[in-house]
Amino acid sequence: MPSRPLKRDSQAKRKRKSELCKKRATIEPVIGHLKSDFRLCKNWLKGSIGDSINLLMAACAWNLRKWLAIFFLLEKDGEFWLFCSEIDAKSKKSCFWVRL
């Protein structure tokens, strides 16, 4: 983490330090959720390869959770429906149901 902006720092350097602090502030909540929700507080696998595997599994679970928020399956009256949400090129969301 960068140190606080000093009086002797140039305006560009102050702006850069401020941007780095803001970037870190956006990442810290994600790391906190990974630690609490996906058991990253303690590594259960052995060695540096175990560290990599543990982190990879947590990242996959995080992405799967995001995908499940976008796509999910519903059963109604014996029929299965798939809800899809996508973002088109103009960054507008479109949602639709597909019967399987």
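**Exercise 1. Find what share of the contacts in the protein chain between residues at least 6 apart in sequence join residues at least 24 apart, then describe the chain as a whole.**

Solution. Step 1: among the contacts between residues at least 6 apart in sequence, 12% join residues at least 24 apart. The model is a predicted one.

Step 2: list the elements. The protein chain has two helices and three strands, and their order along the sequence is α-α-β-β-β.

Step 3: turn to burial and surface. The chain has 100 residues, and 10% of them count as buried. About 8,800 Å² is exposed, with 61% of that area supplied by carbon and sulfur atoms.

**Exercise 2. Compare the span of α1 with the span expected at 1.5 Å a residue.**

Solution. Step 1: count the residues. Helix α1 runs over 11-37 and has 27 residues.

Step 2: work out the expected span. The rule is 1.5 Å times one less than the number of residues, and for α1 this gives 39 Å.

Step 3: compare. From its first C-alpha to its last, α1 reaches 40 Å, which is close to the expected value.

Step 4: look past the end of the helix. Arg39 follows α1 and has a positive phi, near 55°.

**Exercise 3. Identify the salt bridges of the structure and say whether their residues are buried or partly exposed.**

Solution. Step 1: recall the principle. Side chains of opposite charge can pair when their charged atoms come close.

Step 2: apply the cut-off. A side-chain nitrogen of Lys or Arg must lie within 4 Å of a carboxyl oxygen of Asp or Glu. The structure holds two such salt bridges.

Step 3: take the pair Asp9 and Lys17. Their closest N and O atoms are 2.9 Å apart. Asp9 lies in the segment before α1. Buried means under 20% relative accessible area. Asp9 has 12%, so Asp9 is buried; Lys17 has 13%, so Lys17 is buried too. Leaving out residues up to four places away in sequence, Asp9 touches Arg4, Arg14 and Lys17.

Step 4: take the pair Glu28 and Arg24. Their closest N and O atoms are 2.7 Å apart. Both residues are in helix α1, and because they are four residues apart there, about one helical turn separates them. Glu28 is partly exposed at 42% relative accessible area, and Arg24 is partly exposed at 36%.

**Exercise 4. Determine which residues Trp62 touches, leaving out residues up to four places away in sequence.**

Solution. Step 1: place the residue. Trp62 is in helix α2, which spans 47-70. With a relative accessibility of 22%, Trp62 counts as partly exposed.

Step 2: name the contacts. Trp62 touches Val30, His33, Leu34 and Phe38.

Step 3: compare sequence and space for one of these residues. Val30 and Trp62 are 32 residues apart in sequence, and their C-alpha atoms are 9.6 Å apart.

**Exercise 5. Name the residues of the nonpolar patch on the surface and place Leu45.**

Solution. Step 1: name the members. The patch is formed by Trp44, Leu45, Ile49, Ile53 and Met57. Together they have about 550 Å² of accessible area.

Step 2: place Leu45. This residue sits in the loop between α1 and α2.

Step 3: check its exposure. A patch residue needs over 30% relative accessible area. Leu45 has 36% and is partly exposed.

Note on methods
Residues are numbered from 1 along each chain as its sequence is written. This is a predicted model: local features need pLDDT of at least 70, side-chain atom pairs count only at pLDDT 80 or more; totals for chains, interfaces and linings use all residues. Side-chain values use heavy atoms; hydrogens and water are left out. Buried means under 20% relative accessible area, exposed over 50%, partly exposed in between (1.4 Å probe, protein chains only). Contact means heavy atoms within 4.5 Å. Patches are made of residues with over 30% relative accessible area and no salt bridge: like charges are joined within 9 Å, nonpolar side chains (Val, Leu, Ile, Met, Phe, Trp, Tyr) within 5 Å. Accessible areas come from the Shrake-Rupley method with a 1.4 Å probe; for residues, only the protein chains shown count as cover.
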